Amino acid sequence: MNFSPHAFLNSNLKGIDMKRILKMNTHQCNRVLFLCMTVLGFTGCGTVPKNLGTFEPDSIVVVDGRGRLMQPVGNAGQNRYTSLWAMKSTVPLDREEKYVQAVAENIKRQLEDGRDVVVYIHGGLNLQRTSMERAAALRDWPTGPRSSSEPYILPINWQSSLYSSYRDNLFFIREGKDYRDRGGGSVLWGVLTSPIVLFRDTVGMVGSAPYVWERNMANYLVGAFPSTYEDRISDRTLQDFYFEWHQGQGHLPESALPDQKTGDLGSLLSTVFTPIRMVSSPFVRSFGEPAWDIMRRRTTLMFHRPPFDLHAGPEWTEGVMSKLGAQFVEVTHHMQTETYKSLLEDKTEDSDPKLILVCHSMGAIIGSKLLRLYPEMKFDDIVFMGAACTVRDVGEYVLPYLAKHRETEFFNLTLHPKNEVRENNWLFIAPRGSLLVYIDNMLVHPDNLLDRTAGRYENFAMSLPYLQEEAERLASRYADLTADDLRKRVYLRTFPYGRNFETYVPRKHGHFSQFNFWQRSFYDPTATYIGFNLKENPTPAIMRITP
């Protein structure tokens, strides 16, 4: 049936039926927003929908944009117009605890079988369909179910697409309140006032244009004249910081490697498309900033949810990640029991199985908060890939966690700084730079360097003195801990730049999740690198990329 926004609004103005509005708002508002975005020129990249098979309920955690636990609908990708979030597939609140307990029991079984367990949290700007397809690929790649010798991967999927985030900003979220909650406001009022929000963002696009042009021009010049950038990035001061941090162990970041020339085609196309980018960059700033705010809101809803019925009382509900964090604590206690150790005696030869946390992009915001709220749980390795959390989050959340768990190691993976600033998106139409460049330059307003993203080499390396101070402060609180001990367990891996590495290392912000991130040979800079791209080149490349 054809949908007419004009007829929809007129019909509801003539006879307002709140039950009908509340029941139909998701599908109808989706269509309204689709029309708005089409007119405004939003473009996106998608993949051909696939049949994802069946996910066992204990093998994946799926959370919608309101923080509700969802049933894992295995074939949600069959119909490209069907969204998992629109289906009536939420887990009842009184059954969430049982669901999360089943996930924890599955983790225990995998550990008891001698398998490492990787908890993987994806980042922002992920379509539900593609994130579910990625989870299926991690489960089945390359030719069938993953072997028992490979780590078991538990995906944490949360709704983070640009479309759904801006939709919520346009129709439902006002000053932190959700109009879909009973007592939170009127959904009809949100729909009727959405043109005002759209007008605000459009006017903001015009007003912010000069500032955005200046920021993008600065980023363009950095990429166009790499000699100046190399001098700044490869400054001996940064390298000295890194040597000092690791007490002369010499784990230099790979950005200090000699540059491998890649040709000028990308720079030429970037120059040709500069006029188009002058138009698109204010658009990205004005419409991307409120979408980013909604995504940040969703990371908090993973831990704390306001009551959906405000009239029922002011009680807040534990979020899905809070319940999962409590279960991770139980898993940690289980791993310390004699029963668990006896089960492993005949199954492991070299070492006990590990529990590993891997977070990509905005997933690091969720991961760092998980470490802060549940420090009793024990992860053996913590891996941030292109982390969108701040350097301050690493200092305030990750380092205290390392101080408590003396065998845990932290690995911060970044793109080469040239790839970071030169990344091209949407066929050269969008502003140049990775998502982290967008965040630092357009989407947030950092107070200082510590409030910039930790997933950029420049930000993290320049903040090492701050991390040094935090390490010394933590060491003063523990009698048996030294700052040296903390430093030795913090690693920075910056992947190389150049044609020689193009198919074997991440070159774009979104590439991290395409590689074998669950293997230590990928994320540990002290090991011989073994990397392969599940999507482009599944043949492993074995090479030494540290000097």
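Two strands pair if DSSP finds at least two bridges between them. In this predicted model, strand 1 (residues 61–63) and strand 2 meet that mark, with two bridges joining them. They belong to an open sheet of eight strands. Helix 15 (residues 391–404) lies across part of that sheet, and helix 15 also packs with helix 14 and with helix 19.

**The sheet**

- The strand order is 2-1-4-3-9-10-11-12, and the pairing is mixed.
- Strand 2 (69–70) and strand 12 (490–494) stand at the edges. Each has a single partner strand, so one side of each is left without a neighbour in the sheet.
- Strand 1 and strand 2 run antiparallel. Val63 stands opposite Leu69 in strand 2.

**Helix 15 on the sheet**

- Helix 15 lies across three strands: strand 10 (381–385), strand 11 (409–414) and strand 12.
- The angle between helix 15 and strand 11 is about 145°.

**Helix 14 with helix 15**

- Two packed helices are described by the angle between their axes and the distance between the axes.
- For helix 14 (residues 363–373) and helix 15, the angle is about 50° and the axes are 9 Å apart.
- Helix 14 and helix 15 are therefore oblique to each other.
- Their crossing is left-handed.
- Helix 14 brings Ser368, Leu371 and Arg372 to the contact. Helix 15 brings Asp393, Tyr397, Val398 and Tyr401.
- By class, this contact has four nonpolar, one polar and two charged residues.

**Helix 15 with helix 19**

- Helix 15 and helix 19 (residues 464–475) pack at about 35°, with their axes 10 Å apart.
- The crossing of helix 15 and helix 19 is right-handed.
- On the helix 15 side, the contact is made by Val391, Arg392, Val394, Gly395, Glu396, Leu399, Pro400 and Ala403.
- On the helix 19 side, the contact is made by Tyr466, Leu467, Glu470, Ala471 and Leu474.
- The residues of this contact divide into nine nonpolar, one polar and three charged.

**Asp451 in its loop**

- Asp451 is found in the loop between helix 17 (435–443) and helix 18 (457–462).
- A polar atom of the Asp451 side chain lies 3.5 Å from the backbone nitrogen of Asp447.
- Leaving aside residues up to four places away in sequence, Asp451 touches Thr390, Arg392 and Pro446.
- Arg392, touched by Asp451, is also one of the helix 15 residues in the contact with helix 19.

Notes
Residues numbered from 1 in each chain as written. Predicted model: local features only at pLDDT ≥ 70, side-chain atom pairs only at ≥ 80, totals over all residues. Heavy atoms only, no water. Helix = DSSP H or I, 4+ residues; strand = E, 2+ residues; numbered from the N terminus. Contact = heavy atoms within 4.5 Å. Axes fitted to C-alpha atoms, helices over the stretch in contact; angles between N-to-C directions. Parallel < 35°, antiparallel > 145°, perpendicular 65-115°, else oblique. Left-handed = near helix turned anticlockwise from the far one by under 90°. Nonpolar A, V, L, I, M, F, W, Y, C, P; charged D, E, K, R; others polar. Polar contact = N/O pair within 3.5 Å; in protein donor to acceptor, adjacent residues only side chain to side chain.
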